[in-house]
Amino acid sequence: MNANTTIAAHVATTREPGHARDPLTRALVAAGVVAGPLFVAVGLAQVFTREGFDLSRHPLSMLALGDAGWVQITNFIVAGVLMLAFAAGVARSLGSGPGRRWAPILFAVYGVGLVLGGAFTADPGLGFPVGTPDGPPTEWTFHGGVHAVAAPLAFLSLVAVTFVVAHRLRWEGHRAAAATSRVIGVLCLVLCIPFGPAMSVRLFLGVALGFAWIAAYGISLLRERPSAR
């Protein structure tokens, strides 16, 4: 067997070109590419327009509160549904090899966390919405409790999937991309630690960085880069 035949056989086992090129798979993967820019753009638009909201004090999820809260609720749910579609697209795009099972699962868990984060809002506090006492929430509600679980569920699955994908990228021979994926995972983990100075700003940056990585990975799947291993 010559070298070209060996490489071709390896690529055939690590990617599934028929699936990766079919319109449904490409649409599912593209859903993940657009999820992040859409989520961040809608969130930022509200940061600068919602009365009383201060990103230096209020987590982005608190935009789901108040009369205009439906915008951020919808933003969370749409992003989550797009991520669930992306998970399906990743499952259809990957052939044999590391990550073919866990990458789609973790992307799906991230999507579920986003949907739950929108469907179950945080409790009012810290002076938002306007008129709320300037301090921590005065009561603990069921929906606030679910939201408090959904956020770390989403963040931790996002961090985990960067390492799962990094392992696969290294196995495929894309060592620089694998190293970058690990660095982004560490940065997302550090940025999303829910305490310390500028917590809300760091959380937003961590989510934006994670979504940017998802978009980049989705684009790489759409381009069907062959393995160099």
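A salt bridge here means a side-chain nitrogen of Lys or Arg within 4 Å of a carboxyl oxygen of Asp or Glu. With that in hand, look at D22 and R92: their side chains meet at 3.1 Å, N to O, and so make a salt bridge. Keep in mind that the model you are looking at is predicted.

The D22–R92 bridge spans a good stretch of sequence, since the two residues are 70 apart. D22 sits in the loop between α2 (17-21) and α3, while R92 belongs to helix α4. Their surroundings are not alike: D22 is buried at 17% relative accessible area, whereas R92, at 26%, counts as partly exposed.

How many salt bridges does the whole structure have? The search turns up three. Another one joins R57 and D134, with the closest N and O atoms 2.5 Å apart. This one runs from loop to loop: R57 is in the loop between α3 and α4, D134 in the loop between α5 and α6, and 77 residues separate them. R57 is partly exposed at 36%, and D134 is exposed at 61%.

Then there is R168 with E172, again bridged at 3.1 Å, N to O. Here both partners sit in helix α6, four residues apart, or about one turn of the helix. Charged or not, these two are tucked away: R168 is buried with a relative accessible area of 3%, and E172 is buried too, at 1%.

Now for the greasy part. The largest nonpolar core has 49 residues, and the members touching the most others are M83, F107, Y110, F211 and I214. Helices α3 (23-47), α4, α5 (102-119), α6 (142-172), α7 (175-191) and α8 (199-223) each give two or more residues to this core. The largest share is that of α6, with nine residues.

F211 is a handy place to stand if you want to look around in there. Setting aside neighbours within four places in sequence, F211 is in contact with A35, G36, F39, A79, M83, Y110 and L114. Some of those names come back when you follow the rings, as F39, F76, Y110 and F211 are linked into a cluster by ring pairs.

That cluster is part of a wider aromatic story, with nine aromatic pairs found in the whole structure. Which geometry do F86 and F107 adopt? Their ring centres are 4.9 Å apart and their planes stand at 80°, so the pair is edge-to-face. F86 lies in helix α4 and F107 in helix α5, so this pair ties together parts that are 21 residues apart in sequence. Both rings belong to buried residues, F86 at 0% relative accessible area and F107 at 1%.

F107 also pairs with W213, but this time the arrangement is stacked, with 6.0 Å centre to centre and 25° between the planes. The stacked pair reaches from helix α5, home of F107, to helix α8, where W213 sits 106 residues away in sequence. W213 is buried as well, at 8% relative accessible area.

A polar residue is worth a stop too. Q46, in helix α3, is buried at 5% relative accessible area. Beyond its neighbours within four places in sequence, Q46 is in contact with L63, A68, V71 and Q72.

What about disulfides: how many does the structure hold? Zero. C188 and C192 show why: the sulfur of C188 has its closest cysteine sulfur in C192, 5.9 Å away, which is too far for a bond. For comparison, the cut-off for a disulfide is 2.5 Å between the sulfur atoms. Both cysteines are buried, C188 at 1% and C192 at 10%.

Finally, a word on confidence. The chain has a mean pLDDT of 87, and 88% of its residues reach 70 or more. Among the elements, helix α4 (residues 69-93) has the highest mean pLDDT, 97, and helix α1 (residues 3-14) the lowest, 35. Over residues 1-18 the pLDDT is below 50, and this stretch has 27 contacts in the model beyond near neighbours in sequence. Residues 225-229 also stay under 50, with 18 contacts beyond four places in sequence.

Conventions:
Residues numbered from 1 in each chain as written. Heavy atoms only, no water. Buried < 20%, exposed > 50% of the residue type's maximum accessible area, 1.4 Å probe, protein only. pLDDT = per-residue confidence, 0-100. Contact = heavy atoms within 4.5 Å. Core = buried A, V, L, I, M, F, W, Y, C linked by side-chain atoms within 4.5 Å. Phe/Tyr/Trp six-rings, centres within 6.5 Å; stacked < 30°, edge-to-face > 60°.
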